[in-house]
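Here is a short report on one protein model and its ligand. Look at the sequence and the structure, then read on.

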Amino acid sequence: MPGINYQKVLIIDCGSPHAQLIARRVRDLNVYSEVKPYTADLENLKKDNYQALILIGSSAEEESAQEIAKIKQIIPLILDLNLPILTISLSEQILKANPEQKILSFAEQPKFKQTAAEKDLLKKFLFEIAELKADWLIEDFIDNKIAEIKAMVGQSKVIVGLSGGVDSSVAAVLVHRAIGKQLNCIFVDHGLMRKDEGDSVEQIFLNQFDMNFIRVNAEARFLGKLAGITDAEQKRKIIGEEFIRVFEEESQKIDNSDYLVQGTIYPDIIESGAGDGKLIKSHHNVGGLPEDIDFKGIIEPLADLFKDEVRQVGLALGIPADLVWRQPFPGPGLGIRIIGEITKAKADLLRDADAIYRAEIAKAGMDQELSQYFAVLTNLRSVGVKDDARTYDYTLALRAVKTVDFMTAVAAEIPFDLLNKITDRIISEVDGINRIVYDITGKPSATIEWE
Ligand code: XMP
């Protein structure tokens, strides 16, 4: 929970795909906001001290009669909260349900498209009508969170599993800022990271932040378990289970820890069921909580933050921009980007090719505009020719997508010249690849990853 000082806006989601977006826009205006589904226990929300309410509908065309009926039912409860209300994309039908209503709705009932006019509307509601202060500031959040963690932990020991990803890194640095060497970090390097990534994680946490940091080089152990495995889901399962096992073994070598830090962020909470059931990540949570280690408690310092806020916290704490802006990288790493059996030779080859691809994209200044871009080592070998000799080598696929929510995505239009340049470099610098293809499929029908 945020410190008691912040004013809070409650956003009730009546089936909109934009509820999270609105919550982020409110926070961009430095006002703290929370999203709840219209099915939440509204009576219970009374005691949470909200100062304003935004009701967001799914737009008239999409609401089913059943949904409208359900939403109408909660209108009296909503009015009972006695808050200034802004409604967005809510059908006239619902608003007319209560003729005596005190709902303050803006005439045009905008569908949210992030225009300047809509921002003005939101500002007018928050600052003129609801008379809120812009008091949600990242620096204050950090100070409050540090105080909260100190009070919670006391002299106890705390442990965190680092993945090299943004969320666990920011969580770890924040907790370290609060309790210093009482925090132990365990970084399980499964050998399926991208080129030089393990070293860079070590450099940041050990050298830059001087944290208690243990790197477990478990490449051989993971590859051993994965030998001969070709099924993607089985690979995920093996990597996930092994990850937990290694983490447990290492944590037992440290004196008992009372608390475990997790990099959970606010969208994880909304999307895992506290919201309206848009489950995204269920099968993705590799390397989750080790269930049979007993902790006094879990510390989730980022649980109130959206991803862009996590990044702001990371930058404010001095984490290098490269890490803070890192593109999403799946828990099983290159394990699901090597189609078929995983071997060290294949992983090395993919690492080299992927590093060239990413370097050229960054050099062309495209890295910030792409949501995710990476190379995939297919399991296909085909005939080619090099230095007048016949080759029989792998096909590498390049993927680059643009997406807002990773549920749908479009393939990015990378200029052909750039694709050519990348291809030339990979073919001449990486042995074992003789053919390169660019994946132009969107999601759906293809997923972003190939496995
Ligand atoms: P797909 O391939 O399902 O990916 O379109 C959507 C997003 O999820 C990431 N992804 C994973 N992340 N473990 C993870 O931590 C996984 O097993 C996994 N599979 C996919 C993917 O990189 C993309 O961002």
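Helix α3, residues 65-80, lies across three strands: β1 (8-14), β3 and β4. The helix runs at about 170° to β3. Keep in mind throughout that this is a predicted model.

**The four-stranded sheet**

Strands β1, β3 and β4 belong to an open sheet of 4 strands. Their order across the sheet is β2-β1-β3-β4, and the pairing is parallel. The edge strands are β2 (32-37) and β4 (85-88). Each of these pairs on one side only. From one strand to the next, the twist averages 20°.

What holds strands of a sheet together? They pair through backbone hydrogen bonds, in either a parallel or an antiparallel way.

Now look at one pair. Strand β3 covers residues 52-57. It is joined to β4 by 4 bridges, and the two run parallel. Within this pair, Ile54 stands opposite Leu86 of β4.

Just before β3 there is a backbone detail to find. Asn49 sits in the loop between α2 (42-45) and β3. Its phi is near 60°. That is a positive value in a residue other than glycine.

**The five-stranded sheet**

Another open sheet has 5 strands, in the order β7-β6-β5-β8-β9. Here too the pairing is parallel. Why do β7 (212-217) and β9 (297-299) each have one side without a neighbour in the sheet? They stand at the edges with a single partner strand each, so one side of each is left free of a neighbour in the sheet. The twist in this sheet averages 25° from one strand to the next.

Take β6, residues 183-189, as an example. It pairs with β7 in the parallel sense over 6 bridges. Asp189 has Asn217 in β7 as its bridge partner.

Two helices lie across this sheet. Helix α7 (166-179) crosses β5 (158-162), β6, β8 (259-261) and β9. It runs at about 155° to β5. Helix α10 (232-253) lies across β5, β6, β7 and β8. Its angle to β6 is about 140°.

**Around the ligand**

Which residues come nearest to the ligand? There are 12 residues around it, and the nearest are Arg236, Gln372, Lys443, Ile448 and Glu449. By class, this shell holds 5 nonpolar, 4 polar and 3 charged residues.

Three side chains place a polar atom close to a ligand oxygen. The table gives each distance.

| Residue | Atom in the side chain | Partner | Distance |
|---|---|---|---|
| Arg236 | polar atom | ligand oxygen | 2.5 Å |
| Lys443 | N or O atom | ligand oxygen | 2.6 Å |
| Glu449 | N or O atom | ligand oxygen | 2.6 Å |

How much of the ligand does the protein bury? Taken alone, the ligand exposes 490 Å², and the protein buries 87% of that.

**Two cis peptide bonds**

Lys443 also takes part in a backbone feature. A cis peptide bond joins Lys443 to Pro444, with omega at about -10°. The bond from Pro444 to Ser445 is cis as well, and its omega is near 15°. Where are these residues found? Pro444 is in the segment after β13 (433-438). Ser445 lies in the segment after β13 too.

Definitions and conventions: Residues are numbered from 1 along each chain as its sequence is written. This is a predicted model: local features need pLDDT of at least 70, side-chain atom pairs count only at pLDDT 80 or more; totals for chains, interfaces and linings use all residues. Side-chain values use heavy atoms; hydrogens and water are left out. A residue is near a molecule or strand if one of its heavy atoms lies within 4 Å of it. A polar contact is a pair of N or O atoms within 3.5 Å; within protein, one must be able to donate a hydrogen and the other to accept it, and residues adjacent in sequence count only if both atoms are side-chain atoms. Accessible areas come from the Shrake-Rupley method with a 1.4 Å probe; for residues, only the protein chains shown count as cover. Ala, Val, Leu, Ile, Met, Phe, Trp, Tyr, Cys and Pro count as nonpolar, Asp, Glu, Lys and Arg as charged, and the others, Gly among them, as polar. Two strands pair if DSSP finds at least two bridges between them. Axes are lines fitted to C-alpha atoms, for helices over the stretch in contact, and angles run from 0 to 180 degrees between N-to-C directions. Contact means heavy atoms within 4.5 Å.
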